[in-house]
Amino acid sequence: MKRVIIIGMALTAFTGCHPNKYEYDASGTFEATEIIVSSEATGRLEWFDIQKGDLVSAGQQVGLIDTVQLHPNRLQLQANLQAVGSRTLNISQQIAATEQQIATQEREKQRMERLIAADAANTKQLDDIHANIAVLQKQLAAQRESVQSSNSSISGELEGVQAQLAAVDDRIRRSLITAPIDGTVLLKYIEAGEYTTTGMPLFKIADVGHMTLRAYITNGQLSQLKLGQQVAVFTDLGDRQSRRYTGTVTWISDEAEFTPKTIQTKDERANLVYAVKIAVPNDGYIKIGMYGDINFNFQ
């Protein structure tokens, strides 16, 4: 009987001392990639169709700044572009007459060469034809150079007008307010109808679909983590219940720092720790600023 009691007490002691595999190795708070979208143009906000909490997609247009003054400028530049382009000379048309004269003289030269071969004409006539052809070829070269020079000047004007048109198009594009990433609108700083200037914040957006848990580990824990390692992440549900996620280590600081002031005790705040970031896919339950716990070797 005594032996049974002693064995039972030993087993109880062994069970009580066994480490709990669900014990957390580190804790931290969840963050998300936040972007403050600012105005790229100056003018009245014609419409701004977002509200706090809205889900938006990257590239989605959510607002428009007044572009009334820009469209008349664009139409004028398009008209200028067409007018300048119409002045471009067609080289073939400009030199067609001279080329025809040269072709006529070439045929006349061949005819004269046949007559001379038959002793029906003298070489003086052939020499005159050669001289005419030489003059016409010089005229043709001069015409080509003149037309090309004129077209080069017109081409420069066209490039100038096209640059102005591109600048106006860019200003119109910057008047369109779009979401830079897929995410959730966190804050809205301005309403439709208000006047905005370049650089003024319009709204804040965050990619809450992919959260990052920023935690701190001790020097002794550094050897337990590596980049790309998967760890278990837990969020508190209350009543000692938690929700588990699988996270991936994406960053480990190479410099030690004092534990942040959010840690409760002075002794813990005096310790040197290393910051780590754990990427966690969000199912909608994780919120920015929420606390999370990490277990390195959870099975």
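Tutor: Let us start with a definition: a contact means heavy atoms within 4.5 Å. In this protein, residues 24 or more positions apart account for 75% of the contacts with a separation of 6 or more.

Student: How do you know how confident the model is?

Tutor: This is a predicted model, in which local features need pLDDT of at least 70 and side-chain atom pairs count only at pLDDT 80 or more, while totals for chains, interfaces and linings use all residues. Residues are numbered from 1 along each chain as its sequence is written, and side-chain values use heavy atoms, with hydrogens and water left out. The term pLDDT is the predictor's confidence in each residue, from 0 to 100. Here the average is 82, and 88% of the residues score at least 70.

Student: Where does pLDDT stay under 50?

Tutor: One such stretch is residues 1–21, with two contacts beyond four places in sequence in the model. Another is residues 263–267, with three contacts of that kind.

Student: What makes a run of residues a helix or a strand here?

Tutor: Helices (H or I, at least four residues) and strands (E, at least two) are DSSP runs, numbered from the N terminus. By that rule the protein has five helices and 13 strands. Helix α3 covers residues 91–117, and its 27 residues pass the minimum of four, so the run counts as a helix.

Student: What span is expected for α3, and what does α3 reach?

Tutor: The expected span is 1.5 Å times one less than the number of residues. For α3 that gives 39 Å, and from its first C-alpha to its last the helix reaches 38 Å, which is close to the expected value.

Student: Where does α3 bend, and by how much?

Tutor: The bend is about 40 degrees, at Ala97. That value is the angle between axes fitted to the seven residues ending there and the seven starting there. After the helix comes Asp119, whose phi is positive, near 60 degrees.

Student: Why is Gln105 called buried, exposed or partly exposed?

Tutor: Buried means under 20% relative accessible area, exposed over 50%, and partly exposed in between (1.4 Å probe, protein chains only). Gln105 has 19% relative accessibility, so it counts as buried. This residue lies in helix α3, and it touches Ile129, Asn132, Ile133 and Leu136, leaving aside residues up to four places away in sequence. The buried residues of α3 also include Ile102 and Lys109, and what covers the buried residues includes α4 (123–174).

Student: Why is Gln101 given its class?

Tutor: Gln101 is also in α3, but its relative accessibility is 40%, so it counts as partly exposed. Its C-alpha atom is separated by 7.4 Å from that of Leu136, 35 residues apart along the chain.

Student: And why does Asp236 get its class?

Tutor: Asp236 has 60% relative accessibility, over the 50% limit, so it counts as exposed. Asp236 sits in strand β9 (residues 230–238). Gly292 is 56 residues from Asp236 in sequence and 7.3 Å away in space, C-alpha to C-alpha.

Student: How do you know that β9 and β10 pair?

Tutor: Two strands pair if DSSP finds at least two bridges between them. β9 and β10 have eight, in the antiparallel sense, so they pass that test. One example is Thr235, whose bridge partner in β10 is Arg243. The two strands form a hairpin with two residues between them, and Asp239 in the turn has a positive phi of about 55 degrees. On β13 (residues 291–295), three bridges join β9, again antiparallel; there, Phe234 has Asp293 as its bridge partner.

Student: Which strands pair with β12?

Tutor: Among them is β8 (residues 201–217), antiparallel to β12 (residues 272–281) over eight bridges, with Thr212 opposite Ala279. Strand β10 (residues 241–252) is joined to β12 by four bridges, and Val249 stands opposite Ile278. Strand β11 (residues 257–258) has two bridges to β12, exactly the minimum, so this also counts as a pairing.

Student: What makes β5 and β7 edge strands?

Tutor: Four strands form an open antiparallel sheet in the order β5-β4-β2-β7. β5 (176–178) and β7 (195–196) each have a single partner strand, so one side of each is left without a neighbour in the sheet. The partner of β7 is β2 (residues 43–48), over two antiparallel bridges, with Arg44 opposite Tyr195.
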